[in-house]
Amino acid sequence: MIDPIILQPGGDWRAQAEVFEEIFFVFLALGTLVGTIVVAYTLWNVYKYRDDGGEPKESFDAPTVGELPTGQGGPKAKKLFLSFGLSAIVVISLVVYAYGILLYVEEGPDTGDEGDIEILVEGYQFGWEYEYPNGHTTTGEMVVPADQRIDIEVTSRDVWHNFGSSELRIKSDAIPGETNSNWFSVSSEEVEAQGGEATYRVECFELCGQGHSAMKGQITVLPQDEWREWYEETGGDAAEGNSSSASVSAAVGGVPA
Ligand SMILES: [Cu+2]
């Protein structure tokens with residue numbers, strides 16, 4: 001029987017990197033649009049009201065410093081309220097949009113509790129250690145399956161560090177005595193695109209001592225079946241190997257052999 005891949009990210013499943021790229025694009029596009037309008041309008045006014053050497057018109061009602069042109073209901077008031085109104089609409093929409101999408105980043109996709117893999121990440125001077133659900137640990141390289149939500153619990157055994165991968169757009173403080181949760185996921189398409197094994201650089205983002213700049217690691221993403229093979233080997237002779245490899249088989253949608 002072929003194991004169904006139960007966690008194929010659906011339409012509402014998005015990696016943090018995708019979400020942050022979208023936010024960046026929306027802000028960039030809107031900022032460019034608003035910036036272009038404001039600069040163009042300013043230049044147009046500079047040209048229109050330039051000093052052309054002629055006599056000022058008698059009727060010209062120049063505003064004084066600090067005066068809000070609201071009282072008369074004339075064209076100046078309309079412009080003021082129009083620009084206030086438009087700015088408010090733009091700002092409020094961005095706040096609502098960004099807040100909503102960041103809530104998703106905070107909570108992560110809903111996987112119905114099935115298939116989540118939780119990995120403990122412990123920073124130390126100077127490196128990273130990862131502990132898998134079966135108790136297996138690796139140093140430097142974290143190996144995870146594609147199409148799966150990976151939950152990480154980040155802590156430190158000595159001083160403050162910060163676990164992060166720029167490409168995956170994840171970053172969490174690693175603080176002794178505390179854990180910070182984060183999550184990420186990489187699609188199998190992405191793994192395919194990187195030639196069957198996707199790798200992402202991990203760095204420490206908190207100055208933590210002399211070896212800080214060398215405190216590098218790697219996240220390696222394998223296709224689900226390859227990962228399961230790797231994982232089952234790691235748990236093979238551990239004391240609780242059998243039960244944990246069975247539970248992980250279940251976790252990735254497999255049928256215990
Ligand atoms: Cu560090």
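User: How do you know that the span of helix 4 (residues 224-235) agrees with its 12 residues?

Analyst: In this predicted model, a rise of 1.5 Å a residue gives an expected span of 16 Å for the 12 residues of helix 4, and the end C-alpha atoms are 16 Å apart, so the two values agree.

User: Which residues of helix 4 are called buried, and what makes them so?

Analyst: The buried residues are Gln-224, Trp-227, Arg-228, Tyr-231 and Gly-235. The term requires 20 or more other C-beta atoms within 10 Å of a residue's own.

User: What places the buried residues of helix 4 on the same side?

Analyst: The buried residues cover an arc of only 100° around the axis, and therefore lie on the same side of helix 4. The face turned away from this buried side carries Glu-229 and Glu-233, which are exposed.

User: Why are strand 4 (141-145) and strand 7 (170-174) said to stand at the edges of their sheet?

Analyst: The sheet is open, with five strands in the order 4-10-9-6-7 and mixed pairing. Strand 4 and strand 7 each have a single partner strand, so one side of each lacks a neighbour in the sheet. The twist from one strand to the next averages 20°. Helix 4 packs on this sheet, where it touches strand 4 and strand 10, and its direction makes about 125° with that of strand 4.

User: What makes strand 9 (residues 198-204) and strand 10 (residues 216-222) a pair?

Analyst: Pairing requires at least two bridges; strand 9 and strand 10 have six, in the antiparallel sense, so they qualify as a pair. Ala-198 stands opposite Val-221 in strand 10.

Notes
Residues numbered from 1 in each chain as written. Predicted model: local features only at pLDDT ≥ 70, side-chain atom pairs only at ≥ 80, totals over all residues. Helix = DSSP H or I, 4+ residues; strand = E, 2+ residues; numbered from the N terminus. Expected span 1.5 Å × (residues − 1). Buried ≥ 20, exposed ≤ 12 C-beta atoms within 10 Å, placed from the backbone. Arc of directions from axis to C-beta. Axes fitted to C-alpha atoms, helices over the stretch in contact; angles between N-to-C directions. Contact = placed C-beta atoms within 7 Å.
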